[in-house]
Amino acid sequence: MSESVTPSSRRIWLNGRFVPEDRPAIHPLDRGFLYGDGLFETLRAQNGRPLYLSQHLDRLRQGAEELRLNLPGDLHWDGIIARLLQVNGLCKSAARVKIIVTRGQEPRLGLPTACRPTIILSAERYHPPTARDYLEGWRLHCHLNSYAPPLARYKSLNYLFYLCARQAALDAGCHEAVVLDPEGRVCETAAGSLLCRSGGTWWTPESPHQLTGITLQQVRRLLGLSGTPVDTRAARPADLRNVGTVWVLNALIGVMPAVQIDGRIIPDPLHDAADRIRGLLVAGN
């Protein structure tokens, strides 16, 4: 299949079947639709190969177990994703793969164990930031008007808080929002982890209100291989005023250097190091 698949002809995988993207059969009483009762994972595929799939699935399974979503244990994720990329003509490019798991139709209140969860996998062409985008970097905005929700440690479908934070950043003329927890500590960004460097030491913010970052884990590993440890520390917005380097990390963009936080210039984005690590991430090293 060619690389010119249009949105109207894309296929998704829905509960065991490949179906047209514009005609999915999802029940209107599905709790994912009603309450955001579900989890998701977004990962990057490169030339037909999903990157760090096992780590994403481990995070998904852990969240599903804690939220009683009863994720089936016999799904052949590798094969499903390989076929999904193939039928959508995405084996020779970068692609965005999304996994969604909901509780399905369940009238009982609380978190009843999902007897028939809804599982959806989709894939589409991903256009990474350009070399110029990475060189220009991102401007960050500290979101001070609200705080990360208690479910922040899960990749929950209930994502409205993060969309509001991102919109506040966009309204402030920035690219991304820095999110705080209820104690005023820095957590992460609306769509990624934070990695900072000050006084020659790399560190990442610590908070119980943050997601375990798959890309952050990989970057910590890569830095460790070169003898560069990464500390974990509690930080507040004022601590970001003294950092020399800030990177935003997620599965799609890899490493994006930040160049400003609330108008303050970040003096040393370390573009060359970011480029090198980003290349290693895409190569799956």
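## Salt bridges, rings and a sheet

At 45% relative accessibility, Glu 136 counts as partly exposed (buried is under 20% relative accessible area, exposed over 50%, and partly exposed in between, with a 1.4 Å probe and protein chains only). This model is predicted: local features need pLDDT of at least 70, side-chain atom pairs count only at pLDDT 80 or more, and totals for chains, interfaces and linings use all residues. Residues are numbered from 1 along each chain as its sequence is written, and side-chain values use heavy atoms, without hydrogens and water.

Glu 136 has a charged partner, Arg 132. The two form a salt bridge (a side-chain nitrogen of Lys or Arg within 4 Å of a carboxyl oxygen of Asp or Glu). Both sit in helix H4 (residues 131-136), four residues apart, so about one helical turn separates them. Helices (H or I, at least four residues) and strands (E, at least two) are DSSP runs, numbered from the N terminus. Arg 132 is exposed, at 61% relative accessible area.

The whole structure holds 13 salt bridges. The table shows some of them, including the pair just described.

| Salt bridge | Closest N to O distance |
|---|---|
| Arg 132 and Glu 136 | 2.8 Å |
| Asp 181 and Arg 185 | 2.7 Å |
| Arg 59 and Glu 41 | 2.7 Å |

Arg 59 belongs to helix H2 (residues 53-66) and Glu 41 to strand S3, so their bridge ties together parts 18 residues apart in sequence. Both residues are buried. Asp 181 is buried too, at 0% relative accessibility. Its partner Arg 185 is partly exposed, at 22%. Elsewhere, salt bridges link Arg 10, Glu 21, Arg 96 and Glu 124 into a network.

Now to the sheet. It is open, with six antiparallel strands in the order S2-S1-S6-S5-S3-S4 (two strands pair if DSSP finds at least two bridges between them). S2 (17-20) and S4 (49-50) stand at the edges with a single partner strand each, so one side of each has no neighbour in the sheet. Helix H3 (residues 77-87) packs on the sheet and touches S1 (11-14), S2, S3, S4, S5 (94-102) and S6 (118-125).

S1 and S2 pair over four bridges. Leu 14 stands opposite Arg 17 in S2. Two residues lie between these strands in their hairpin, where Asn 15 takes a positive phi near 50°.

At the other edge, two bridges join S3 to S4. Gln 46 faces Arg 49 in S4. Is Gln 46 buried or exposed? Gln 46 is buried, because its relative accessible area is 18%. Beyond neighbours within four places in sequence, Gln 46 contacts Ser 93, Ala 94 and Val 282 (contact means heavy atoms within 4.5 Å).

Rings come last. There are four aromatic pairs (ring centres of Phe, Tyr or Trp, with its six-membered ring, within 6.5 Å; planes under 30 degrees apart are stacked, over 60 edge-to-face, the rest tilted). In one, the rings of Tyr 159 and Tyr 162 have centres 5.0 Å apart and planes at 35°, so the pair is tilted. Trp 202 and Trp 247 are also tilted, at 4.7 Å and 45°. Trp 202 lies in strand S11 (residues 201-205) and Trp 247 in strand S13 (residues 245-250), so they tie together parts 45 residues apart in sequence. Both Trp residues are buried. Phe 40, Tyr 159, Phe 161 and Tyr 162 form one aromatic cluster.

Definitions and conventions:
Axes are lines fitted to C-alpha atoms, for helices over the stretch in contact, and angles run from 0 to 180 degrees between N-to-C directions.
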